[in-house]
Amino acid sequence: MAGRVRLSDASPEARGVPTSIGRPGPSPVHRLNPLTKATLATVTAISAVALGGLAGPLILVATAVVLPAAIAGVLRRLARLSLLLALPIAISAFLVNVFFFPGGEQVLLRIGPITATAEGLGFAIQILVRILAISGAITLFYLTTPPADLVVDLERRGVSPRIGFVANASVQTVPAMVERAMQITAAQRARGLDTEGSLWRRVRGIVPIVGPVILGSIAEVEERTMALEARGFARPGRRTLLWSPPDSVFQSALRWGLLVALLALIVARMTGVWA
Amino acid sequence: MTLTLQGVGYRYAGADQPSLLDIDLELRDGEVVGVAGASEAGKTTLCLVASGLAPRTVGGRIRGTILLDGENVDAWPMHRLSGRIGIGFQNPSTQLSQVAGTVFEEVAFGPMNFGGTRDEVVARTWEALDALRIDDLAERDPQRLSGGQQQLVAMAGLLALRPAHLVLDEPTAQLDPAGTRLVADAIAALAADGVSILVTEQKTDLLAEVATRVVVLAEGRVVLQGPSADVLDDARLIELGVSAPSAVRLRRAVTEAGIDPERLRG
């Protein structure tokens, strides 16, 4: 097709990549290299578990989650999303620890054979803070890093594009499935499906929606695979990248520093140097 | 640049019967060949075979010979073929990579896979966007476009690989009239620029407008073929489960009513 297509006034060679691609993010946190942010989120999540007591994880949440989120201007969204993410596990962990903490002596409440103890409450709060640190770190990364940026950065570092593609496409599939579910819900309701009313009615209403959503997604997989094959995705060798997120020696040192600090923390905890 | 199918037959893995039998077809420079037929006639299978996806990606067994500019492509891997033959499907959303934040990145996805220089990828991408006159969409999110626009983006993604041949499987099946218009204009423009196109369609109005030749399939075999005006006016179409174009049906209705169709002109 070379030389056959109709060109616009400016020749393709004269135009570069559109300015919106790879445009720096709105805040210093957004502008960090995606791998730096991924390292920060990973180190925060693991440190929250490794650190003992309540003060350490609390300081971690304040400095590694709340402060960067405030700088990035995403604090409210982060609070909402990380609570949503953590709520189911947080509630169950809280109840189990409050009511079933082994060896608790200071009784706060007794409901039949179940007893809530002060020791259990204290431990449950420690668990809650850790869960919030983990969900907050993950949410902060998600809110400040477009998935494609991380994929491009990993690919630049030699990671297989297939791995990046699978990770990125999985994230991108969620909104597509939500949209499909909404369309199917509207179509089923138009045909008389009752999705409102009592809890039982709602549950019954979900069944005819979930089936088409999942089966439809599976049916599309083959066509998606063929579309990718038809565009050379299976070709061996490195892909060309249009841009890559900026990195610096400082950020590289920061990443290594964080990993070394995490390793030191784990070793200190395991050997009892840090009780 | 010619794509030739000689005595091609194809059977899906696990199928009792072949889905294509003894297909002889030639697609020459700048030619648009329309493929019509009832459901299950073998239109999609013909697209998969002509593009090389069957059996390479789909599996199954193929007979006969496929030649690209006289060269047998039996041993070619899919990525080598995809640089010469592009294939588009009917659902625009499944053709998008889902990893591109902008239309520009979506269209560049193919050339990026082939690992050329960055400047070459950028030039090819603009060239494809220009060819379909969608360069103004370059910075838009592909997931937020209309179905017609997404179909054009998908086609641009194929064109960016600079294929000599395009295979389009019912590209307007899920589009409204405005989207269909966009795709029809694009097919005509690409053919004028020398790209040869094999397009399957239930909408014979589209074939009447863009195709130079039409092939009609039934039970996996070619049962009618010739210049589009002749084939689409053939009285046997209805028996083959293909609706004639609206202009043909109107002319027949007018004639049956005893009115000279020539009086309706002008």
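**Entry 1: a loop in chain B.** I started at B:Glu219, which sits in the loop between strand S9 (213-218) and strand S10 (221-227) of chain B. The model is a predicted one, so I kept that in mind for every page here. Phi of B:Glu219 comes out near 50°, a positive value in a residue other than glycine. I noted for myself that most residues other than glycine have a negative phi. Is B:Glu219 buried or exposed, or something between? I found 16 C-beta neighbours inside 10 Å, so B:Glu219 counts as partly exposed.

**Entry 2: another positive phi.** Next I looked up B:Glu170, where phi is near 45°, again positive in a residue other than glycine. Where does B:Glu170 lie? I located B:Glu170 in the loop between strand S7 (165-169) and helix H7 (177-192) of chain B. B:Glu170 has 21 other C-beta atoms within 10 Å and is therefore buried, as the cut-off is 20 or more.

**Entry 3: a cis peptide bond.** I then checked the bond from B:Ala54 to B:Pro55 and found it cis, with omega near 5°. My reminder reads that most peptide bonds are trans. B:Pro55 belongs to helix H2 (residues 53-56) of chain B.

**Entry 4: B:Ile66.** I placed B:Ile66 in strand S4 (residues 61-68) of chain B. B:Ile66 counts as buried because 23 C-beta neighbours lie inside 10 Å. Which residues does B:Ile66 contact, leaving aside its neighbours within four places in sequence? I wrote down B:Leu5, B:Val8 and B:Val73. I also took one long distance: B:Ile66 and B:Thr204 are 138 residues apart in sequence and, C-alpha to C-alpha, 27 Å apart in space.

**Entry 5: nonpolar cores.** I turned to the largest nonpolar core, which has 95 residues. Which of them touch the most other members? My list is B:Val107, B:Leu132, B:Leu152, B:Val153, B:Ala156, B:Ile187 and B:Ile197. I followed B:Ala156 further and, setting aside neighbours within four places in sequence, found contacts with B:Val107, B:Ala128, B:Leu129, B:Leu132 and B:Ile134. There is also a second, separate core of 26 residues, with A:Ala64, A:Val74, A:Leu78 and A:Phe141 among them.

**Entry 6: two helices of chain A.** I looked at helix H3 (residues 55-72) and helix H5 (residues 118-144) of chain A, whose axes come within 10 Å and cross at roughly 25°. That angle makes H3(A) roughly parallel to H5(A), because angles under 35 degrees count that way. The crossing of these two helices, H3(A) and H5(A), is left-handed. On the H3(A) side the contact includes A:Pro57, A:Leu60, A:Ala64 and A:Ala72. H5(A) answers with residues including A:Val129, A:Arg130, A:Gly136 and A:Thr144. By class, I noted 14 nonpolar residues, two polar and one charged in the contact of H3(A) with H5(A).

**Entry 7: where the chains meet.** How many residues of chain B are in contact with chain A? I have 49 residues of chain B in contact with 42 residues of chain A. On the chain B side, at least two residues each come from helix H3 (78-82), strand S6 (85-88), helix H4 (103-113), helix H5 (118-131) and helix H6 (147-159). H5(B) gives the most to that side, with eight residues. I closed the page with the classes: the side of chain B that touches chain A has 22 nonpolar, 19 polar and eight charged residues.

Note on methods: Residues are numbered from 1 along each chain as its sequence is written. Chains are lettered from A and ligands numbered from 1 in the order in which they are written. This is a predicted model: local features need pLDDT of at least 70, side-chain atom pairs count only at pLDDT 80 or more; totals for chains, interfaces and linings use all residues. Axes are lines fitted to C-alpha atoms, for helices over the stretch in contact, and angles run from 0 to 180 degrees between N-to-C directions. Helices (H or I, at least four residues) and strands (E, at least two) are DSSP runs, numbered from the N terminus. Angles under 35 degrees count as roughly parallel, over 145 as roughly antiparallel, 65 to 115 as roughly perpendicular and the rest as oblique. A crossing is left-handed if the near helix is turned anticlockwise from the far one by less than a right angle, and right-handed if clockwise. Two residues are in contact if their C-beta atoms, placed from the backbone, lie within 7 Å. Ala, Val, Leu, Ile, Met, Phe, Trp, Tyr, Cys and Pro count as nonpolar, Asp, Glu, Lys and Arg as charged, and the others, Gly among them, as polar. A nonpolar core is a set of buried Ala, Val, Leu, Ile, Met, Phe, Trp, Tyr and Cys residues joined through C-beta atoms within 7 Å. A residue is buried if 20 or more other C-beta atoms lie within 10 Å of its own, exposed if 12 or fewer, and partly exposed in between; C-beta atoms are placed from the backbone.
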